[in-house]
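Hi everyone, thanks for coming. Please have the sequence and the 3D view open while I talk.

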Amino acid sequence: MKRISYIIACAFFIAACDTREDGLNKYADEVIEKIADLKDRRLSDSLYAYFNHEEVQYRKEAVLAFGSIQDSSAVEKLADVLLNDADTTVRRAAAFAIGQTRSLRSPQVLLNAYGKENDVTILNEILEAYGKTTRQWQRPPNKENTAEG
């Protein structure tokens, strides 16, 4: 019994000494840490540089940063990402960020994007964001493939 306890204790000790270089969370990545720092300092202009980065995760993190910053002058640039980025997770993040940002342009930008988007998860995010940005609902363009809930 003592031997089994010793083996289990050694196994836990070895597991605790994991030296993976990928880190335990996304902030082990220096670029993501830099994006978080720019977000904390509300440096919108510096974050825009990541909107065109080849790495999807960096684009997504930079776009999501604007959900916290809530810079109304960023709505047009976020709209460009929402309409044109090739990755669905980045477009969905853009819809979320626009929904978090109070701007007179936000509702119209979201309605325009709704009319052009085909991905159901992004359409749902756009509708949720639209609900956060307007008090006067306009009926969005008809979509055959929207999902409930």
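I'll go through one pair of helices and then two more helices further along the chain. Keep in mind that this is a predicted model.

Let's begin with a little background. To describe two packed helices, we give the angle between their axes and the distance between those axes. Here, helix α2, residues 30-40, packs with helix α4, residues 56-69, at an angle of about 20°, and their axes are 9 Å apart. Since angles under 35 degrees count as roughly parallel, α2 is therefore roughly parallel to α4. The crossing of these two helices is right-handed.

So who makes the contact? On the α2 side you'll find Val31, Ile32, Ile35 and Lys39. From α4 come Gln57, Tyr58, Glu61, Ala62, Ala65, Ser68 and Ile69. Sorted by class, the α2 and α4 contact has seven nonpolar residues, two polar and two charged.

Now please find helix α6, residues 88-99. Its twelve residues, at 1.5 Å each, should span 16 Å, and the end C-alpha atoms lie 17 Å apart, which agrees.

Which residues of α6 are buried? They are Val90, Arg91, Ala93, Ala94, Ala95, Ala97, Ile98 and Gly99. The cover over them includes α4, which we have just met, along with α5 (75-84), α7 (106-116) and α8 (120-133).

That brings us to α7. In α7, the buried residues are Ser106, Pro107, Val109, Leu110, Leu111, Ala113 and Tyr114. They pack against α5, α6 and α8.

That's my tour, and I'm happy to go back to any helix you like.

Notes
Residues are numbered from 1 along each chain as its sequence is written. This is a predicted model: local features need pLDDT of at least 70, side-chain atom pairs count only at pLDDT 80 or more; totals for chains, interfaces and linings use all residues. Side-chain values use heavy atoms; hydrogens and water are left out. Axes are lines fitted to C-alpha atoms, for helices over the stretch in contact, and angles run from 0 to 180 degrees between N-to-C directions. Helices (H or I, at least four residues) and strands (E, at least two) are DSSP runs, numbered from the N terminus. Angles under 35 degrees count as roughly parallel, over 145 as roughly antiparallel, 65 to 115 as roughly perpendicular and the rest as oblique. A crossing is left-handed if the near helix is turned anticlockwise from the far one by less than a right angle, and right-handed if clockwise. Contact means heavy atoms within 4.5 Å. Ala, Val, Leu, Ile, Met, Phe, Trp, Tyr, Cys and Pro count as nonpolar, Asp, Glu, Lys and Arg as charged, and the others, Gly among them, as polar. The expected span of a helix is 1.5 Å times one less than its number of residues. Buried means under 20% relative accessible area, exposed over 50%, partly exposed in between (1.4 Å probe, protein chains only).
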